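Visitor: I would like to go through this model with you, one feature at a time. Could you take my questions in turn?

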Amino acid sequence: MKRIFPALFVLLFIIAFQSCKKDSPANPDKPADTEKPDPSKIYLVSKITFHYANQSGRVEEYKYDAQNRIIQSRTENYHFTPTGSWDTFNYVYDNNNKLIKAEMISYDNRVLTTRLFVYNSNATAGDQVYEQTENGVTVLVYPVSLDANGRVKFVAKRYGIKYDSNGHFSYYGAPEGMDDFDATFQFDTKKNPFYNVVGLNPNINYLEELYPVNSLNNLLTINNSGSKVITYNVNDFPVKSIYTSATGNIETVDYEYIVK
């Protein structure tokens with residue numbers, strides 16, 4: 001159970017997970033009364049900046065194809081100031097918008113590691129990660145088990161995910177802890193930053209992040225621990241969240257979007 005609670009604690013302040021003119025960033029500082037809601041606009045989160053209580057931070061950036069699938073993600077963790085050292089992944093999907101390949105690339109665009117993803121409908125148990133050779137190079141293959149609704153249930157034997165009746169996750173952690181875990185999750189009724197993102201991407205959702213990217217609403221609390229205040233734009237997407245822990249530590253998250 002030690003693996004479960006750090007990941008769930010991070011969930012409290014980094015999930016707020018998973019348009020104006022085309023490809024123009026949304027302005028979180030624009031007064032709400034100068035713009036009217038427009039449900040035809042498509043918001044795609046392009047940058048998320050985390051400011052932690054210990055003066056460290058994290059920046060995530062996302063690029064999309066014409067189908068609104070994430071084709072590149074890059075992240076940087078830093079202390080005090082950004083360093084310019086990014087972990088970058090490029091993504092390839094199948095015709096059903098499921099991720100089949102994730103390549104970690106260097107600053108000069110060399111492939112450093114390759115992960116392949118295969119899918120099955122065995123929602124009762126995860127399978128082990130295994131190796132195979134692709135073009136003479138050894139790659140890691142991650143079996144992903146889906147439930148009857150096409151949602152990720154297991155990522156290999158590393159992670160298990162449960163959902164409530166509204167489609168929100170109610171557990172994320174080691175598979176062996178799924179049946180014993182009991183907690184109360186509270187969500188808002190607004191749109192998650194990844195609401196319009198197309199495709200199933202286990203690399204972002206479960207391997208690179210400490211949380212599953214939720215594509216519905218935004219997590220507020222677990223077991224009423226701490227409090228979170230979220231500021232939304234006129235179309236109900238979060239532009240800023242401020243989480244205050246039970247001990248008084250304050251963590252903030254800022255969101256930027258591409259708007260189509």
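Visitor: Which residues touch the most other members of the largest nonpolar core, and which strand gives the most to this core?

Guide: A nonpolar core here is a set of buried Ala, Val, Leu, Ile, Met, Phe, Trp, Tyr and Cys residues joined through side-chain atoms within 4.5 Å, where buried means under 20% relative accessible area, exposed over 50% and partly exposed in between, with a 1.4 Å probe and protein chains only. The largest such core has 43 residues, and those touching the most other members are Ile48, Tyr62, Ile70, Tyr91 and Val152. Strands (E, at least two residues) and helices (H or I, at least four) are DSSP runs numbered from the N terminus, and the strand that gives the most to this core, with 5 residues, is β2 (residues 43-51).

Visitor: Before we go on, what kind of model is this, and how are its residues numbered?

Guide: This is a predicted model, in which local features need pLDDT of at least 70 and side-chain atom pairs count only at pLDDT 80 or more, while totals for chains, interfaces and linings use all residues. Side-chain values use heavy atoms, with hydrogens and water left out, and residues are numbered along each chain as its sequence is written, from 1.

Visitor: How many helices and strands does the chain have?

Guide: The chain has 260 residues, of which 47% count as buried. Its accessible surface, computed by the Shrake-Rupley method with a 1.4 Å probe and, for residues, with only the protein chains shown as cover, comes to about 13,100 Å², and 49% of this belongs to carbon and sulfur atoms. The secondary structure comes to 2 helices and 17 strands.

Visitor: Which residues does Tyr91 contact, leaving aside neighbours within four places in sequence?

Guide: Contact is taken as heavy atoms within 4.5 Å. With its neighbours within four places in sequence set aside, Tyr91 is in contact with Ile70, Ile71, Gln72, Ser73, Leu99, Lys101, Ala102, Asn201, Asn203 and Ile204.

Visitor: How many bridges join β3 and β4, and how many join β4 and β5?

Guide: Two strands pair if DSSP finds at least two bridges between them, and in β3 and β4 Ser56 has His79 as its bridge partner, whereas Arg74 stands opposite Thr88 in β5. Both pairings are antiparallel, that of β3 and β4 running over 9 bridges and that of β4 and β5 (residues 87-93) over 4 bridges.

Visitor: Is Asn68 buried or exposed?

Guide: Asn68 lies in the loop between β3 (56-64) and β4 (70-79), a hairpin with 5 residues between the strands. Although not a glycine, Asn68 has a positive phi of about 70°. With a relative accessible area of 11%, Asn68 counts as buried.

Visitor: And what is the relative accessibility of Asn224?

Guide: Asn224 sits in the loop between β14 (219-222) and β15 (227-232). Its phi is near 55°, again a positive value in a residue other than glycine. Asn224 counts as exposed, because its relative accessibility is 63%.

Visitor: Which residue pairs with Glu134 in a salt bridge?

Guide: Side chains of opposite charge can pair when their charged atoms come close. A salt bridge is counted when a side-chain nitrogen of Lys or Arg is within 4 Å of a carboxyl oxygen of Asp or Glu, and by this rule there are 9 salt bridges. The partner of Glu134, with the closest N and O atoms 3.4 Å apart, lies 33 residues away in strand β6, while Glu134 is in strand β8 (residues 130-134); that partner is Lys101.

Visitor: How far apart are the closest N and O atoms of Asp108 and Arg110?

Guide: Arg110 is in the loop between β6 (99-105) and β7 (111-120), and touches Met104 and Ile105, not counting residues up to four places away in sequence. Arg110 is partly exposed at 45%, as is Asp108 at 38%. In their salt bridge the closest N and O atoms are 3.1 Å apart.

Visitor: Is Asp147, which meets Arg151 in a salt bridge, buried or exposed?

Guide: The side chains of Asp147 and Arg151 meet at 3.0 Å, N to O. Arg151 is partly exposed, with 26% relative accessibility. Asp147 has a relative accessible area of 15% and therefore counts as buried.
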